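Biologist: Please take a close look at one part of this model and describe it in its setting. I would like a single connected account.

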Amino acid sequence: MKGLRDKTDQIVKAAVAVFVKKGLQATTQEIAKEADVAEVTLYRKFATKQNLFITVIKHVLENQFNSHVMKLADEGDTEYFFQSIIENRLEVLSKNTPLVKMLISESLMGNLTEEIDLPNIIFTSLKHGLDHHFDGEYVDTELCARQLGGIFLSHIVLPNEQPFHTLDRMEKDKLVEKYVQSLMALL
């Protein structure tokens, strides 16, 4: 059984690499070559390229983007809550910029299902966490979620001198603090 699991992992890793480069335009032939497996093996395991793409992206989203927003939302201190979300998400997004760019591109072209539509996943996750955190208070959580989403996406699509995950501790803290203050001004 281990051999089959290894083969599947090999295909998933190769598919991520190829999809990051080419998006949904990637061919099963390219993925099979990258995975060093026969193309028929891909079809045996995933039936269609779309199934493979969805499986791969769900796998990555669960492992890389599994948001801790709901757990953080229990935090009573709003500034600390914002600080934690911003730092965590910028770190993860910054480390996965090529994949995130590909997912944003495919999303903008309308090629992604709701379950793997990263911008929608980010926004929905933030909105739920904010609703939970501010339960019973009158706060425009949709506006806050859009502001946070804007912060995150701006770090992906706009050029940065240095990616967030490569900044030193002091630079990260200073940047996060500026974003937190801008969000606190909305409340």
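Modeller: A residue counts as buried when its relative accessible area is under 20%. By that cut-off, 13 of the 18 residues of helix H6 are buried, so H6 is largely enclosed by the rest of the structure. The model is predicted, and helix H6 is the part I will follow.

Helix H6 covers residues 78-95. From its first C-alpha to its last it reaches 26 Å, close to the 26 Å expected at 1.5 Å a residue. At the start of H6, a side-chain oxygen of Asp-77 comes to within 3.0 Å of the backbone nitrogen of Glu-79.

The aromatic side chains come next. A pair of aromatic rings is described by the distance of the centres and the angle of the planes. Searching the whole structure gives three aromatic pairs. In one of them, the ring centres of Phe-81 and Phe-82 are 5.8 Å apart and the planes lie at 25°, so this pair is stacked. Phe-81 and Phe-82 are both buried. Phe-82 also pairs with Phe-134; here the centres are 6.2 Å apart and the planes are at 55°, so the pair is tilted. That second pair links distant parts of the chain, since Phe-82 belongs to helix H6 while Phe-134 lies in the loop between helix H8 (118-133) and helix H9 (141-157), 52 residues apart. Phe-134 is buried, as Phe-82 is. Ring pairs thus join Phe-81, Phe-82 and Phe-134 into a cluster.

Another ring contact involves a charge: the charged end of Arg-146 sits over the ring of Phe-123, 4.9 Å from the ring centre.

Further along the sequence is helix H7, residues 97-108. Its 12 residues reach 16 Å from first C-alpha to last, close to the 16 Å expected at 1.5 Å a residue. Buried residues of H7 include Leu-99, Val-100, Met-102, Leu-103 and Ile-104, and also Glu-106. Just after H7, Gly-110 takes a positive phi of about 75°.

As for the setting, the protein chain has 10 helices and zero strands. Its C-alpha trace spans about 55 × 35 × 35 Å along the principal axes. Of the 187 residues in the chain, 41% are buried. Among contacts with a separation of 6 or more, 68% are between residues 24 or more positions apart. The accessible surface of the chain is about 10500 Å², and carbon and sulfur atoms account for 52% of it.

Notes
Residues are numbered from 1 along each chain as its sequence is written. This is a predicted model: local features need pLDDT of at least 70, side-chain atom pairs count only at pLDDT 80 or more; totals for chains, interfaces and linings use all residues. Side-chain values use heavy atoms; hydrogens and water are left out. Helices (H or I, at least four residues) and strands (E, at least two) are DSSP runs, numbered from the N terminus. The expected span of a helix is 1.5 Å times one less than its number of residues. Buried means under 20% relative accessible area, exposed over 50%, partly exposed in between (1.4 Å probe, protein chains only). A polar contact is a pair of N or O atoms within 3.5 Å; within protein, one must be able to donate a hydrogen and the other to accept it, and residues adjacent in sequence count only if both atoms are side-chain atoms. Rings of Phe, Tyr and Trp (its six-membered ring) pair if their centres lie within 6.5 Å; planes under 30 degrees apart count as stacked, over 60 as edge-to-face and the rest as tilted. A charge sits over a ring if NZ of Lys or CZ of Arg is within 6 Å of the ring centre and within 35 degrees of the ring normal. Contact means heavy atoms within 4.5 Å. Accessible areas come from the Shrake-Rupley method with a 1.4 Å probe; for residues, only the protein chains shown count as cover.
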